[in-house]
Amino acid sequence: MAGLLEAARGGDEEAFGRLVEPHRREMHAHCYRMLGSVHDAEDALQDALLRAWRGLGRFEGRSSLRAWLYRIATNASLDAIERRPKRVLPISFPPADPAAGPGEPLLESVWIEPYPDEAMGIEDGFASPEARYELRESVELAFVAVLQHLPANQRAALILREVLGFSARETAE
């Protein structure tokens, strides 16, 4: 790993790719948990990888590469949350008058997207043992939906600490 790190610091894109590839899927899932959208997660992951590439010279090795990459992905997700417009949730509307009938249906954009099965290695309902393990360990859609109600910093802390098992120090950093 030290050789790959030095090569990547020297500008070797292939070495950088080999360093981050083992973490790519889990970082994408982390960005999804933070953002609730597969497309936003892809954008945040690309932003995080670009930031990591540009900041590789500042990686001192005091934490693991994985923790450093997660810190960058978390910050990229927090920045994405800050940039996007506030969403109006159905619970934000005042209650309707029951005597007035059901009224017009609310037209709302998709707020939480399910994580695609193929990204977890579960196509056609069949899963390899590795994919079944990942499925058991993954965050359910309902949990991701609930996470979206937390302020972004609390969401990040909860995911890093309780879902990913980072230490309190790593989470605080």
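1. Start with burial: of the 173 residues in the chain, 36% are buried. Keep in mind that this is a predicted model, so what follows describes a prediction.

2. Next, the overall layout. You'll find eight helices and two strands here. Going along the sequence, the order reads α-α-α-α-β-β-α-α-α-α. As for how the chain connects to itself, take the contacts between residues at least 6 apart in sequence: 67% of them join residues at least 24 apart.

3. A good place to begin looking is helix α2, residues 13-35. One of its partners is helix α3, residues 38-55. Their axes cross at roughly 145° and come within 9 Å, and the crossing is right-handed. On the α2 side, the residues involved include Phe16, Val20, Met27, Cys31 and Leu35; on the α3 side, look for Val38, Ala41, Leu45, Leu49 and Trp53, among others. Sorted by type, the residues of this contact come out as 14 nonpolar, two polar and four charged. Glu13 and Arg24 of α2 are among those taking part, as are Asp40 and Glu42 of α3.

4. Helix α2 also packs against helix α4, residues 65-83. Here the angle is about 35° and the axes lie 10 Å apart. This crossing is right-handed as well. From α2, the contact draws on residues including Leu19, His23, Glu26, His30 and Met34, and from α4 on residues including Leu65, Arg66, Leu69, Tyr70 and Ile81. The split is 13 nonpolar, four polar and two charged. Val20, Met27, Cys31 and Leu35 of α2 are worth a second look: they appear in the contact with α3 and in the one with α4.

5. Which residues does Leu65 touch, leaving aside its neighbours within four places in sequence? Leu65, in helix α4, is in contact with Met1, Leu19, His23 and Phe59. Leu19 is a nice case to check on screen: Leu65 and Leu19 are 46 residues apart in sequence, yet 8.5 Å apart in space, C-alpha to C-alpha. Leu65 has a relative accessible area of 6%, so it counts as buried, the cut-off being under 20%.

6. Now jump to helix α7, residues 152-163. Its 12 residues reach 15 Å from the first C-alpha to the last, close to the 16 Å expected at 1.5 Å a residue. Where do the buried residues of α7 sit around the axis? The residues in question are Ala152, Arg155, Ala156, Ile159 and Leu160. They cover an arc of only 120°, which puts them on the same side of α7. The spacing fits a general rule: an α-helix has 3.6 residues a turn, so residues three or four places apart point the same way. On the other side of α7, Asn153 and Glu162 are exposed.

7. After α7 comes Gly165, with a positive phi near 80°.

8. Last, Thr171 in helix α8, residues 168-172. Is Thr171 buried or exposed? Its relative accessible area is 17%, and buried means under 20%, so Thr171 is buried. Setting aside neighbours within four places in sequence, Thr171 is in contact with Ala157, Leu160, Arg161 and Phe166. Leu160 is a useful link back to α7, as it is one of the buried residues of that helix.

Definitions and conventions
Residues are numbered from 1 along each chain as its sequence is written. This is a predicted model: local features need pLDDT of at least 70, side-chain atom pairs count only at pLDDT 80 or more; totals for chains, interfaces and linings use all residues. Side-chain values use heavy atoms; hydrogens and water are left out. Axes are lines fitted to C-alpha atoms, for helices over the stretch in contact, and angles run from 0 to 180 degrees between N-to-C directions. Helices (H or I, at least four residues) and strands (E, at least two) are DSSP runs, numbered from the N terminus. A crossing is left-handed if the near helix is turned anticlockwise from the far one by less than a right angle, and right-handed if clockwise. Contact means heavy atoms within 4.5 Å. Ala, Val, Leu, Ile, Met, Phe, Trp, Tyr, Cys and Pro count as nonpolar, Asp, Glu, Lys and Arg as charged, and the others, Gly among them, as polar. The expected span of a helix is 1.5 Å times one less than its number of residues. Buried means under 20% relative accessible area, exposed over 50%, partly exposed in between (1.4 Å probe, protein chains only). The arc is that of the directions from the helix axis to the C-beta atoms.
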